[in-house]
Amino acid sequence: MEEAKGLVKHVLLVRFKDDTTPDQIEELIKGFANLVNLVPPMKSFHWGRDVSIENAHQGFTHVFETTFESTEGIAEYLPHPAHVEFSKRFLPRLEKVLVVDFKPTTVRT
């Protein structure tokens, strides 16, 4: 197995509050995506809605995945003014959130 050199994935599973409108969710997603342009160690952003047929989502409806150059990059991202300001809009709209950071590992067979 080969661990990615330095790269770290920062994954959020979220459920928005019931009173959050689709337009509000869209604006929040655009704001999250824009952080790639504002926070240098943030290298990519992807998101999606739960589409699992297993019904094991535990109420989480959306997934957000960002890639950072290193764990130090995440440490730089968290207090970054752009992230702090975005979080003030994003976090109050969440019913629940789970955050996991991991270093991707490739399995060679």
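Lys-30 is partly exposed, at 45% relative accessibility. Salt bridges that share partners join this lysine with Glu-26 and Glu-27 into one network. The model you are looking at is predicted, and the count of salt bridges in it comes to seven. Beyond helix α1, where Lys-30 and Glu-27 both lie, there is an open sheet of four strands to explore. The points below start with the helix and then move to the sheet and its surface.

**The charged network on helix α1**

- Helix α1 covers residues 22-38, and Glu-26 and Lys-30 both sit in this helix, four residues apart, about one turn of the helix.
- The side chains of Glu-26 and Lys-30 form a salt bridge, with their closest N and O atoms 3.2 Å apart.
- Glu-26 is partly exposed, because its relative accessibility of 40% falls between the limits of 20% for buried and 50% for exposed.
- Lys-30 also meets Glu-27 in a salt bridge, at 3.8 Å from N to O.
- Glu-27 and Lys-30 are three residues apart in helix α1, again about one turn of the helix.

**How the sheet is laid out**

- Reading across the open sheet, the strands come in the order β3-β4-β2-β5, and their pairing is antiparallel.
- The edge strands are β3 (42-49) and β5, each of which pairs on one side only.
- On average, neighbouring strands of this sheet are turned by 15 degrees against each other, direction ignored.
- As general background, strands of a sheet pair through backbone hydrogen bonds, either parallel or antiparallel.
- Helix α1 lies across β2 (8-16), β3 and β4, and the helix runs at about 160 degrees to β3.

**Strand β4 and its neighbours**

- Strand β4 spans residues 62-68 and pairs with β3 in the antiparallel sense over seven bridges.
- On its other pairing, β4 is joined to β2 by seven bridges, and these two strands run antiparallel.
- Much of β4 is hidden from the surface: five of its seven residues are buried.
- Where β3 meets β4, His-46 stands opposite Glu-65, and Trp-47 stands opposite Phe-64.
- Where β2 meets β4, the bridge partner of Lys-9 is Thr-67.

**A salt bridge between two strands**

- Which residue does Glu-65 meet in a salt bridge? The partner is Lys-9, with a distance of 3.8 Å from N to O.
- Glu-65 lies in strand β4 and Lys-9 in strand β2, so this pair ties together parts that are 56 residues apart in sequence.
- Is Lys-9 buried or exposed? Lys-9 is buried, because its relative accessible area of 18% is under the 20% limit.
- Glu-65, at 22% relative accessibility, counts as partly exposed.

**A nonpolar patch on the surface**

- Leu-98, Val-100 and Phe-102 form a nonpolar patch on the surface, and together they have about 240 Å² of accessible area.
- Phe-102 belongs to strand β5, which runs over residues 94-102.
- This phenylalanine, Phe-102, is partly exposed, with a relative accessible area of 35%.
- In general, side chains of a regular strand alternate between the two faces of the sheet.
- The strand that holds Phe-102 is β5, one of the edge strands of the sheet.

How values were computed
Residues numbered from 1 in each chain as written. Predicted model: local features only at pLDDT ≥ 70, side-chain atom pairs only at ≥ 80, totals over all residues. Heavy atoms only, no water. Patch = residues over 30% accessible without salt bridge, like charges linked within 9 Å, V, L, I, M, F, W, Y side chains within 5 Å. Areas by Shrake-Rupley, 256 points an atom, 1.4 Å probe, with all protein chains shown as cover. Salt bridge = Lys/Arg side-chain N within 4 Å of Asp/Glu carboxyl O. Buried < 20%, exposed > 50% of the residue type's maximum accessible area, 1.4 Å probe, protein only. Pairing = 2+ DSSP bridges. Axes fitted to C-alpha atoms, helices over the stretch in contact; angles between N-to-C directions. Contact = heavy atoms within 4.5 Å.
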